[in-house]
Amino acid sequence: MDVLLFAGFLGSGKTTLILSLARRAAASGSRICVIVNEIGEVGIDGEALRMGDLEVRELTAGCICCQIGPDLVRTLRNLEERYQPGLVIIEASGVATPGGVLEALHHYPVKSVTGIQTVTVVDSTRFVALREVLTPLIEAQIRGADLIVVTKVDEATGAEVEAAKKAVELLAPGIPVFAVDATDDATLAVLAAGLIPEEVRA
Amino acid sequence: MSDGLHDFTLPSRGRGETPASTPRLLEPYGARVVLQPAQQELDAEMFLKALLEDVASACLVGGASVIGHLKCLVQAGDRRWFCNLTSTRSGAACRGEGDGRLSLQDGARLDLAVLVYGLPASTIDGLVGDALRSLLEPLGISWSKNMPSVVHASAGR
Ligand SMILES: Nc1nc2c(ncn2[C@@H]2O[C@H](COP(=O)(O)OP(=O)(O)OP(=O)(O)O)[C@@H](O)[C@H]2O)c(=O)[nH]1
Ligand SMILES: [Mg+2]
């Protein structure tokens, strides 16, 4: 199974993108599962994803000091045995870094995971302000990505989008950057075509 | 092994004494609110939007340094409405099933998560209580609120 790992700060648009991408892949008949890890003790994303008719697993280690690694690996192994999805999409919590999650998967490999791609979601409307206050987190999220998706371009000013893109290019040189308005179907279709492996889409 | 969280956040328990000005304190706050059965309908969109916007503004006035994400889900019968807020500039955005008018004949359940930096959960709890009181009392809707240990919206269904 292929794994797509979505990271990005709280509220950056991970669930929104996952809903759209996973529904597209599921519509082509593929087995998709979304694993979601929310911080805090009240989980809402799992229900939002289920309302989109997706197969969902919630990692309920609600406290932010708990390690999600073992729970994640257990969930993946369970899926491997019982559901055999073609694609697993993981929504990391908004305060996790891709590196932290990948480290867990390298420590406890899951046999059938054939490839992992990391997507970091960057909220263009808040990027500058968030980076100023939460520098190490925001920068580590960007540095750990294979692809950056800059969201909310419909709501941001042109200058905000440019500032986010420029900073991202400096922090993660050579990493592709894709700007989206999550309500625009056409851009999301292009993103889905690039992100969802061909064998899953077929 | 690290899960990548420890460098950036503080544990969510036992920090009630941390001053509100600690900019990087993130104490995830969650509550489950039960709305008692009532005759009237609830305009879910209007209620949830006002709730998140009131709580977000109160958090900023109260000293929060960063709004992370406020999100909630109300379920009444087989209808659900979601609402999210990530900045007071954009305000809250809601979506759900039907026209948003929820029957409270059998009551309703509201799950709310407030993820803001710089305020202890106990302070957020007070602000949430104030907002609920000012929105629900004029409508004559009785409610009760608790801070669960772990609640995921699908649990118990
Ligand atoms: N205008 C606009 N709003 C967006 C876009 N993407 C996401 N949003 C809104 O941003 C809010 C947060 O989106 P989510 O997808 O829940 O964010 P998240 O990253 O999953 O949040 P957490 O799970 O709490 O970390 C929601 O109200 C979305 O509707 C976008 O491209 N444009
Ligand atoms: Mg989410």
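# Close-up views of chains A and B

**Figure 1. B:Cys83 is buried, at a relative accessible area of 0%.** The model shown here and in the other views is predicted. B:Cys94 also counts as buried, because its relative accessible area of 18% falls under the 20% cut-off. A disulfide connects B:Cys83 with B:Cys94, and the distance from S to S is 2.3 Å. This pair joins distant parts of the chain: B:Cys83 belongs to strand β4 (residues 79–85) of chain B, whereas B:Cys94 belongs to strand β5 (residues 92–96) of chain B, and the two are 11 residues apart. A disulfide is a covalent bond between the sulfur atoms of two cysteines. Is the disulfide of B:Cys83 and B:Cys94 left-handed or right-handed? The torsion about its S-S bond is about -55°, so the disulfide is left-handed. Over all chains, the count of disulfides comes to 1.

**Figure 2. Two cysteines, A:Cys33 and B:Cys59, are shown in their surroundings.** A:Cys33 has a relative accessible area of 0% and is therefore buried. B:Cys59 takes part in no disulfide; the nearest cysteine sulfur belongs to B:Cys72 and is 13 Å away. Why does B:Cys59 count as buried? Its relative accessibility is 0%, and buried means under 20%.

**Figure 3. Helix α1 of chain B covers residues 44–61.** The helix has 18 residues, so at 1.5 Å a residue it should span 26 Å, and the C-alpha atoms at its ends are indeed 26 Å apart. Which residues of α1(B) are buried? They are B:Ala44, B:Phe47, B:Leu48, B:Leu51, B:Leu52, B:Val55, B:Ala56 and B:Cys59. These residues are on the same side of α1(B), because the arc they cover around the axis is only 150°. B:Met46 and B:Val61 are exposed on the other side of α1(B). Just after the helix comes B:Gly63, which has a positive phi of about 115°.

**Figure 4. Chain B contains 2 helices and 9 strands.** Starting at the N terminus, its elements follow the order β-β-α-β-β-β-β-β-α-β-β. Chain B has 157 residues, and 52% of them count as buried. Among the contacts in chain B with a separation of 6 or more, 71% are between residues 24 or more positions apart. The exposed area of chain B is about 6700 Å², of which carbon and sulfur atoms supply 50%.

**Figure 5. B:Tyr117 lies in strand β7 (residues 108–117) of chain B.** Is B:Tyr117 buried or exposed? B:Tyr117 is buried, as its relative accessible area is 0%. B:Ala76 is 41 residues from B:Tyr117 along the chain, and the C-alpha atoms of these two residues are separated by 31 Å.

**Figure 6. Three residues of chain A coordinate the magnesium ion (ligand 2).** Which atoms coordinate the magnesium ion (ligand 2)? They come from A:Thr15 (OG1), A:Asp45 (OD) and A:Glu91 (OE), at 1.9 to 2.1 Å. The spacing of these donor residues in sequence is T-x29-D-x45-E. A:Thr15 and A:Glu91 link distant parts of the chain: A:Thr15 is in helix α1 (residues 14–27) of chain A, A:Glu91 is in strand β5 (residues 87–91) of chain A, and 76 residues separate their positions. A:Thr15 has a relative accessible area of 13% and is therefore buried. A:Glu91 is buried as well, with a relative accessible area of 4%.

**Figure 7. A:Leu134 sits in the loop between α5 (127–133) and α6 (135–143) of chain A.** Although A:Leu134 is in a loop, this residue is buried, with a relative accessible area of 4%. A:Phe9 is 125 residues from A:Leu134 along the chain, and their C-alpha atoms are separated by 9.8 Å.

**Figure 8. A:Asp53 and A:Lys152 each have a positive phi.** For A:Asp53, phi is near 60°, and the residue is other than glycine. A:Asp53 is in the loop between α2 (45–51) and β4 (55–59) of chain A. Its relative accessibility is 70%, so A:Asp53 counts as exposed. For A:Lys152, likewise a residue other than glycine, phi is near 65°. The loop that holds A:Lys152 runs between β7 (147–151) and α7 (158–171) of chain A. A:Lys152 counts as buried, because its relative accessibility is 18%.

Methods
Residues are numbered from 1 along each chain as its sequence is written. Chains are lettered from A and ligands numbered from 1 in the order in which they are written. This is a predicted model: local features need pLDDT of at least 70, side-chain atom pairs count only at pLDDT 80 or more; totals for chains, interfaces and linings use all residues. Side-chain values use heavy atoms; hydrogens and water are left out. Helices (H or I, at least four residues) and strands (E, at least two) are DSSP runs, numbered from the N terminus. Buried means under 20% relative accessible area, exposed over 50%, partly exposed in between (1.4 Å probe, protein chains only). Contact means heavy atoms within 4.5 Å. Accessible areas come from the Shrake-Rupley method with a 1.4 Å probe; for residues, only the protein chains shown count as cover. The expected span of a helix is 1.5 Å times one less than its number of residues. The arc is that of the directions from the helix axis to the C-beta atoms. A disulfide is a pair of cysteine sulfur atoms within 2.5 Å. Donors are N, O and S atoms within 2.8 Å of the metal (3.2 Å for Na, K and Ca); water is not among the atoms, so sites may look incomplete.
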